[in-house]
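Colleague: I have a chain here that I would like to understand step by step. Could you take my questions one at a time and reason through each answer?

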Amino acid sequence: MGLFSSLTNKKKAAPAFDAQTEEAALRCSICTGEQTAGFRNKNTGHFREVMLIRSPADLDSFKREYGVEDVKKIF
C-alpha cells in the first residue's frame with residue numbers, strides 16, 4: 001500500500017446542480033471542437049464546468065449522473 005493510494009482511490013462527489021437557477025449545457029469550441037459539459041446560470045449566463053466530453057459515452061455519463069435529458073449547446 002503506497003503513501004498516496006488512499007487519496008487516489010476515493011471518488012469525487014458530483015457537484016450540486018440546482019435546476020431552478022441552472023440548466024445543463026455543453027460548451028463547444030468553434031476552433032478546436034472541444035466540448036465541455038457543465039451548468040449555465042439562467043440569470044447571469046455564467047458557465048460552470050463539470051467535465052470534458054471526449055466521446056458520446058462521456059456525454060451519456062454526464063446525463064445519467066445528473067439526471068438530465070436535454071443538454072443545450074452553447075458556443
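Colleague: Which residue just after α2 takes a positive phi?

Modeller: This is a predicted model, so each value that follows is computed from predicted coordinates. Helix α2 covers residues 56-66, and just after α2 a positive phi of about 65° appears in the backbone. The residue that takes this angle is G67.

Colleague: Why do the buried residues of α2 line one face of the helix?

Modeller: Within α2, the buried residues are L59, F62 and Y66. Seen down the axis of α2, these buried residues fall within a limited arc, so they line one face of the helix. The face turned away from that buried side carries the exposed residues P56 and R64. The arc that holds the buried residues of α2 is 55°.

Colleague: Against which strands do the buried residues of α2 pack?

Modeller: The chain has two helices and four strands, and from the N terminus on its elements run α-β-β-β-α-β. The buried residues of α2 make their packing contacts with strands of this chain, and these strands are β1 (22-28), β2 and β3 (47-53).

Colleague: Which elements give two or more residues to the largest nonpolar core?

Modeller: The largest nonpolar core has eleven residues, namely A24, L26, C28, A37, F39, I53, L59, F62, Y66, V68 and V71. One of these core residues, V71, is in contact with A24, A25, L26, F62 and K63, leaving aside its neighbours within four places in sequence. The elements that give two or more residues to this core are β1, β2 and α2.

Colleague: How many bridges join β1 and β2, and which residue of β2 is the bridge partner of C28?

Modeller: Strands β1 and β2 pair in the antiparallel sense, and they do so over seven bridges. The hairpin that these two strands form has six residues between the strands, and there G33 takes a positive phi near 85°. As for C28, its bridge partner in β2 is Q35.

Colleague: Which residue in β3 does A37 stand opposite?

Modeller: Strands β2 and β3 also pair in the antiparallel sense, here over six bridges. Their hairpin has five residues between the strands, and in it G45 takes a positive phi near 85°. The residue of β3 that stands opposite A37 is M51.

Colleague: Is R40 buried or exposed?

Modeller: The place of R40 is in strand β2, which spans residues 35-41, and this strand is mostly covered, since five of its seven residues are buried. The cut-off for a buried residue is under 20% relative accessible area. Because R40 has a relative accessibility of 18%, R40 counts as buried.

Colleague: Which side chain is joined to that of R40 by a polar contact?

Modeller: Not counting residues up to four places away in sequence, R40 touches T21, E22, E23, A25, G45, H46, F47, K72 and I74. Among these neighbours is a residue whose side chain is joined to that of R40 by a polar contact of 2.8 Å, and that residue is E23.

Colleague: What share of the accessible surface of the chain belongs to carbon and sulfur atoms?

Modeller: Of the 75 residues of the chain, 24% count as buried. The accessible surface of the chain comes to about 5700 Å², and the share of that surface belonging to carbon and sulfur atoms is 52%.

Definitions and conventions:
Residues numbered from 1 in each chain as written. Predicted model: local features only at pLDDT ≥ 70, side-chain atom pairs only at ≥ 80, totals over all residues. Heavy atoms only, no water. Buried < 20%, exposed > 50% of the residue type's maximum accessible area, 1.4 Å probe, protein only. Polar contact = N/O pair within 3.5 Å; in protein donor to acceptor, adjacent residues only side chain to side chain. Contact = heavy atoms within 4.5 Å. Arc of directions from axis to C-beta. Core = buried A, V, L, I, M, F, W, Y, C linked by side-chain atoms within 4.5 Å. Pairing = 2+ DSSP bridges. Areas by Shrake-Rupley, 256 points an atom, 1.4 Å probe, with all protein chains shown as cover.
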